[in-house]
Amino acid sequence: MLNCGEVLNRKYEIVKHLGNGGMGTVYLCKDINSGEFYAIKEMKEDNEFEIDAVSEVNILNRLKHSGIPRVTDTFSTDGNLYMVEDYIDGWTLKEYLTDKGMVENEEACHIILELCDIIGYLHSFNPPIIYRDLKPTNIMITKDEKVLLIDFGTTKEYKYNKNSDTVVIGTTGYAAPEQYGFGQSCIQTDIYGMGAIMYFLFTTKEVSRTSELFKDDNYTRVNLELQRIIKKCLEFDIADRYKTVDELRKDINSYLRDSAFEKTSILFSSKDNYNKSTNKPRLSKNILGFLVLSIAALFVVYSLFTNNTKAEDKNNVSKPSKDSSIDTLPKPEDSQPIKEDNVINNSDQTKVDDSNFNKENNNKEIYKKQNKNKGKNKNKH
Ligand SMILES: Nc1ncnc2c1ncn2[C@@H]1O[C@H](COP(=O)(O)OP(=O)(O)OP(=O)(O)O)[C@@H](O)[C@H]1O
Ligand SMILES: [Mg+2]
């Protein structure tokens, strides 16, 4: 392993060790001329995996995508090949998830959609370029949440008219069945890898054994539609998986649309409920207030009216008026409450008022006339 401060190829000063992998060691280096930072991957030219180290350089040199680091330089010393590439200031997906604990479904879907974009770009070549090693340590996320794919050591061009891969390659747990020698890796091999990455994102469980991907218990916290999408990626038979990354992308997008719609509906219905719950007490408060006011108003009117009549009574006692009505008269003991149709006509009243009878006589007279009138009125109806 190289030490910090060592200078490679008289140009790149080692700043720190970034990571180790099956294919080599990666360092953060500083270009002593420009001051720019790079990631330098050191690979044994003669490795136990029978993988041509130069093939990663060759593949990366053909690619131009914002989600794939550029190779800017290569050199060899002491049986090692050094590949200089863009330094990604961020975390591997494994570190990102370990740090966060878990991510919201929407964020996980956006990571998958960015990966679909990169993988779709590789598959768009003719023949398609198959990545073959999708796993959390080969995916990086920057501070501004951009997703990048690194490590193209196992990437290869699809070979037409071949039944199986020459080299059995991939990572246990994330590798598709055909990578174990059941067939040649193809576009659907990467679809399977996407399924394994989705499993990792939505369950937050590392896939150390393939069997874990098929245990229903591991999916209890995963949305049903997302489960369906993941399981379709992970089908054993290539023909049962998504045909293209585009098909997968469409399903994820429609899941996102549906869940956004559901959230909006929930938001609206809770807003409705909120209005209902706040309107109800407000309405009943208004009704209550109105009733109290009405009762108060009635009470005021009633008291004014009774005060007036008392005042009129007083007036009547002291100064009998020509216009005094029967209502103001004291009722005889056997009399009925006086109703409208019992009111005597003005001419009779005038007669009574004109006489000099004492009040008692006067009342008897009026009552007699009143009953006479009552009889007349009843007959009218
Ligand atoms: N361009 C880069 N910028 C920042 N860090 C990087 C970069 N490339 C690689 N790394 C870091 O180095 C680690 C190993 O890199 P890489 O995956 O390319 O090596 P590898 O030997 O092929 O690994 P493996 O075989 O285990 O997949 C990565 O997981 C990452 O942490
Ligand atoms: Mg790697």
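A residue counts as buried here if 20 or more other C-beta atoms lie within 10 Å of its own, and as exposed if 12 or fewer do. T189 has 25 C-beta neighbours inside 10 Å, so T189 counts as buried. The structure discussed here is a predicted model.

**Overall make-up**

The protein has 381 residues, and 26% of them count as buried. Its secondary structure comes to 8 helices and 11 strands. Of the contacts between residues at least 6 apart in sequence, 56% join residues at least 24 apart.

**Four residues by burial**

The table sets out the location and C-beta neighbour count of T189, K41, D151 and E145.

| Residue | Location | C-beta atoms within 10 Å | State |
|---|---|---|---|
| T189 | helix α4 | 25 | buried |
| K41 | strand β4 (residues 37-44) | 26 | buried |
| D151 | loop between β10 and β11 (156-157) | 23 | buried |
| E145 | loop between β9 (139-142) and β10 (147-149) | 12 | exposed |

**T189 and helix α4**

Beyond its neighbours within four places in sequence, T189 is in contact with I130, R132, A176, E178 and Q179. T189 and A175 are 14 residues apart along the chain, and their C-alpha atoms are separated by 7.8 Å.

The helix that holds T189 also has a part in the nonpolar interior. The largest nonpolar core has 65 residues, and I112, L115, M194, A196, M198 and C233 are those with the most contacts inside it. Helix α4 (residues 187-203) gives this core its largest share, 11 residues. At least three residues of the core come from domain 1 (1-87), and at least three from domain 2 (90-272). For L115, the contacts outside its neighbours within four places in sequence are I139, V147, M194 and I197.

**The ligand shell**

Ligand 1 is surrounded by 20 residues, of which the closest are G19, G21, G22, A39 and D151. By type, the shell divides into 8 nonpolar, 8 polar and 4 charged residues. Four strands, β2 (12-20), β3 (24-31), β4 and β6 (80-86), each supply at least two residues of the shell. Where does ligand 1 lie with respect to domain 1 (1-87) and domain 2 (90-272)? Both domains give residues to the shell, so ligand 1 lies between them.

**K41**

K41 is listed by UniProt under "binding site", in an unreviewed entry. This residue is found in strand β4, a strand that supplies at least two residues of the shell around ligand 1. Leaving aside neighbours within four places in sequence, K41 is in contact with G24, V26 and M83. K41 counts as buried because it has 26 C-beta neighbours inside 10 Å, against a cut-off of 20 or more.

**Backbone features**

Two residues other than glycine, E145 and D151, have a positive phi. For E145 the value is near 65°, and for D151 it is also near 65°. Is each of these residues buried or exposed? E145 is exposed, with 12 other C-beta atoms within 10 Å, whereas D151 counts as buried, with 23 C-beta neighbours inside 10 Å. D151 is also one of the closest residues to ligand 1.

A further backbone feature involves a proline. The peptide bond from N126 to P127 is cis, with omega near 0°. P127 lies in the loop between α3 (105-123) and β8 (129-130).

Notes:
Residues are numbered from 1 along each chain as its sequence is written. Chains are lettered from A and ligands numbered from 1 in the order in which they are written. This is a predicted model: local features need pLDDT of at least 70, side-chain atom pairs count only at pLDDT 80 or more; totals for chains, interfaces and linings use all residues. Two residues are in contact if their C-beta atoms, placed from the backbone, lie within 7 Å. UniProt positions are given in the numbering used here, feature names are shortened, and annotations may be inferred rather than shown by experiment. A nonpolar core is a set of buried Ala, Val, Leu, Ile, Met, Phe, Trp, Tyr and Cys residues joined through C-beta atoms within 7 Å. Domain bounds come from an automatic or database domain assignment. A residue is near a molecule or strand if its C-beta atom, placed from the backbone, lies within 6 Å of it. Ala, Val, Leu, Ile, Met, Phe, Trp, Tyr, Cys and Pro count as nonpolar, Asp, Glu, Lys and Arg as charged, and the others, Gly among them, as polar.
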